[in-house]
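Subject: Structure for you to look at, with notes

Dear colleague,

Here is the structure I promised to pass on, and below it you will find my notes on what turned up when I went through it. Please read them with the structure open beside you.

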Amino acid sequence: MHRKNLARVVAIAALALGAFPMAHAADAAAKQRAAQPAPSWSSPSLRSETVTGPNGAVTTSTALLANEKWGIGNTKRVERVTDGVYAMRGWGIASSFAIEAPAGWIVIDTGDHTPAAAEMRAMLEQTLGRKIKVAAILLTHLHYANGIGAFLDPGAEVWGHEHLDRNVRATTGISVLSGTYQARAAAQFGVFHPPSGPDAFPNRLGFTPEKLLAGSSYQPPTQLFPDGRIVDVVVAGEPVQVAPLRTDTGDSVGFYFPRKRLLVTNCMPYGAIFNIVSLRGGSYRNPAVFIQDARWVESKNAEILLDIHGPTLKGEDAVRDAVQRAVDQVQLIHDQTLRLIAHGLDGRQAAEQVYMPSHQRGDWENYGQVESHVRQVYNGTIGWFGGDVYDINPLSENEEAARTVQMMGGPAAVQKAAASANAQGGLANWRWTLRLTSLLLELDSGDAEARKLRAAAARQLGQRTSAANVRGWYLTEALQIEGGMQFKGQPLTVDAIRRFLGTPTTQALAAASVDENLQFVRYLVDPRKAEGLRQTLTLAVEGDPRIRRLELRNGVLVITEADAAAPTHLALTRQELAAFVLGTRSLSAADALSQLDRVLDRSHLMPAGAVETVMKGMKAGNDLEH
């Protein structure tokens with residue numbers, strides 16, 4: 001060991017052994033503080049007082065301000081921003097914009113689905129008193145590209161990030177995770193919550209089943225923006241600067257129109273604290289990248305700023321203040337999390353310690369929750385391990401619950417404690433009810449009394465959070481337990497939604513690429529079933545000139561391209577490949593795919609044909625309604 005390093009280790013050891021009285025005194029003070037009962041803590045996003053919204057929703061006052069802060073309002077409308085610039089608001093949580101350019105109209109983002117886009121266009125033309133000719137569609141990112149068909153006039157260009165189409169296919173195409181992501185989104189956005197009454201969404205930050213079921217007319221961009229670069233382009237005769245603005249997706253960009261001193265952004269100075277983590281799940285949204293990209297926004301000194309999730313901002317001062325507020329909120333969460341990591345705190349402790357001044361948090365915490373963001377930054381920076389060595393090899397959740405419940409006096413005692421806490425009420429007691437019922441339901445998922453208590457506590461907390469994402473999950477928990485989350489009279493659970501949306505139809509698989517089909521199969525391999533097995537074969541599928549090599553080895557399926565057919569080779573139609581993916585293809589022992597089929601786990605999918613049957617029923621119901 002180097003002499004300097006050795007000296008350092010000795011110094012650290014001396015400190016640990018109490019050789020420095022100051023450190024020893026600090027340790028003693030820390031132990032004394034730890035012996036004191038900690039005061040009850042709760043997130044500032046949870047409020048004790050509730051109000052009732054216009055639709056009967058029991059909620060917080062902050063939640064009722066969200067529509068205004070997001071620029072959504074309570075009605076569908078077209079607003080004139082300035083000469084030749086219009087905002088189309090109220091069709092969802094994002095607004096779309098239309099800009100008159102020398103060669104025609106530029107439309108920025110096209111909404112959640114085709115019917116919404118068609119309505120937007122019709123109202124824009126009604127406002128203008130004339131028909132428009134769309135020359136170009138600009139996409140800020142993948143989320144609001146579903147109404148392209150309603151604006152795509154002959155000759156119109158579609159502009160988007162070079163990775164946008166890839167990301168669309170990854171999130172909406174054939175994927176082993178699609179059901180999980182979509183089911184979690186349904187919970188977060190209260191998709192199947194009642195439209196009115198105490199459990200309804202108090203603002204427009206949720207959405208209805210129509211968003212999931214309405215048609216998409218998405219088409220891939222024909223003109224691409226390069227990844228990670230600022231570029232100057234001319235769109236429909238209008239100069240536009242395009243810059244990376246990596247917020248909630250990696251394909252997100254911002255637009256600056258220099259002749260109008262106009263900025264268009266996604267999730268930059270919008271109506272809430274930026275969601276560093278979305279409870280529905282997703283890849284890490286690195287705050288450092290967000291902050292870096294925001295410097296471009298700040299540098300433009302724009303006179304007008306239109307964020308798709310915010311109101312119209314006019315004047316350099318108003319634009320600057322809004323951008324600084326949004327960026328500084330994110331930087332505070334990021335910087336303070338790292339500061340608390342340096343103090344030795346874990347993610348949960350850091351979340352409890354982070355302080356954000358009221359003018360930065362207050363009524364801005366209407367979407368996500370600061371504590372969730374802190375825990376995500378912790379995890380994205382240092383990983384899941386917080387320093388408690390128990391967490392390295394914990395007991396199974398079931399055994400931990402069993403031992404804890406036994407130590408507490410058994411299930412009856414825990415149930416009594418949960419009932420008492422729920423009856424006493426208050427933020428701490430309702431959260432304690434959730435913890436106790438988590439233990440009880442881990443031991444017996446059918447415990448009726450625990451389920452009833454859990455639903456009651458979750459509802460009380462859901463009604464008292466200012467954060468829409470958090471409300472969605474709390475109320476979803478209550479409604480699914482009680483059978484009150486329904487679609488066309490049928491009760492739903494998040495797990496049922498996951499299975500339904502995660503099971504592709506034969507038609508969808510046949511229309512998808514060969515790679516999407518095979519990647520879906522890749523994630524079905526059960527290594528217990530595949531242990532000790534090796535198999536290699538090549539595969540050709542109609543309509544695709546490439547040959548794939550499939551190798552089952554070491555409990556995984558390795559998929560590569562092959563130059564030529566192997567001795568064991570199969571040629572399949574699209575329908576045959578789809579049937580194999582779903583496990584409906586008849587396989588003899590001699591079939592080259594039979595061994596691979598035996599190691600696949602499809603237990604999380606719905607039975608063959610079930611999704612098609614449900615969809616036919618839904619279509620028939622819609623036809624009857626109309």
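I begin with Asn 554, which lies in the loop between strand 19 (547-553) and strand 20 (556-562). Please keep in mind throughout that this is a predicted model. Although Asn 554 is not a glycine, its phi is positive, at about 50°, and the residue is exposed, with a relative accessible area of 66%.

Cys 267 also has a positive phi, of about 60°, without being a glycine, and it is found in the loop between strand 13 (262-265) and helix 9 (287-299). With a relative accessible area of 4%, Cys 267 counts as buried, because buried means under 20%.

Next come the nonpolar cores. In soluble globular proteins, nonpolar side chains tend to be buried together. The largest nonpolar core here has 87 residues, of which Ile 106, Phe 255 and Phe 257 touch the most other members. Helix 10 (residues 316-342) supplies the largest share of this core, namely eight residues. A second, separate core is made up of 29 residues, among them Val 521, Leu 524, Leu 537 and Leu 550.

If you would like one residue to centre your view on, Phe 257 may serve: leaving aside its neighbours within four places in sequence, it is in contact with Ile 99, Ile 106, Ile 108, Leu 138, Glu 238, Pro 239, Val 240, Leu 262 and Val 264.

The helix packing takes up the rest of my notes, and I start with helix 18 (residues 494-502), in which Val 494, Ile 497 and Gly 502 are buried. These residues cover an arc of only 115° around the axis, which puts them on the same side of helix 18. Which helices do the buried residues of helix 18 pack against? They pack against helix 7 (178-188), helix 17 (468-482) and helix 20 (514-522).

For helix 7 and helix 18, the packing angle is about 140° and the axes are 7 Å apart. Helix 7 is therefore oblique to helix 18, since only angles over 145 degrees count as roughly antiparallel. The two helices, helix 7 and helix 18, make a right-handed crossing. On the helix 7 side the contact is made by Ser 178, Gly 179, Thr 180, Gln 182, Ala 183, Ala 186 and Ala 187, and on the helix 18 side by Val 494, Ile 497, Arg 498, Leu 501 and Gly 502.

Helix 17 also packs with helix 16 (residues 448-462), at an angle of about 150° and with the axes 8 Å apart. Helix 16 and helix 17 are therefore roughly antiparallel to each other, and helix 16 passes helix 17 in a left-handed crossing. The residues of helix 16 that meet helix 17 include Arg 451, Arg 454, Ala 455, Ala 458 and Arg 459, while those on the helix 17 side include Arg 471, Tyr 474, Leu 475, Glu 477 and Ala 478.

One last residue to find is Ala 116, which lies in helix 4 (residues 114-128) and is buried, with a relative accessible area of 4%. Between Ala 116 and Ile 382 there are 42 Å in space, C-alpha to C-alpha, and the two are 266 residues apart in sequence.

With best wishes

Notes
Residues are numbered from 1 along each chain as its sequence is written. This is a predicted model: local features need pLDDT of at least 70, side-chain atom pairs count only at pLDDT 80 or more; totals for chains, interfaces and linings use all residues. Side-chain values use heavy atoms; hydrogens and water are left out. Buried means under 20% relative accessible area, exposed over 50%, partly exposed in between (1.4 Å probe, protein chains only). Helices (H or I, at least four residues) and strands (E, at least two) are DSSP runs, numbered from the N terminus. The arc is that of the directions from the helix axis to the C-beta atoms. Contact means heavy atoms within 4.5 Å. A nonpolar core is a set of buried Ala, Val, Leu, Ile, Met, Phe, Trp, Tyr and Cys residues joined through side-chain atoms within 4.5 Å. Axes are lines fitted to C-alpha atoms, for helices over the stretch in contact, and angles run from 0 to 180 degrees between N-to-C directions. Angles under 35 degrees count as roughly parallel, over 145 as roughly antiparallel, 65 to 115 as roughly perpendicular and the rest as oblique. A crossing is left-handed if the near helix is turned anticlockwise from the far one by less than a right angle, and right-handed if clockwise.
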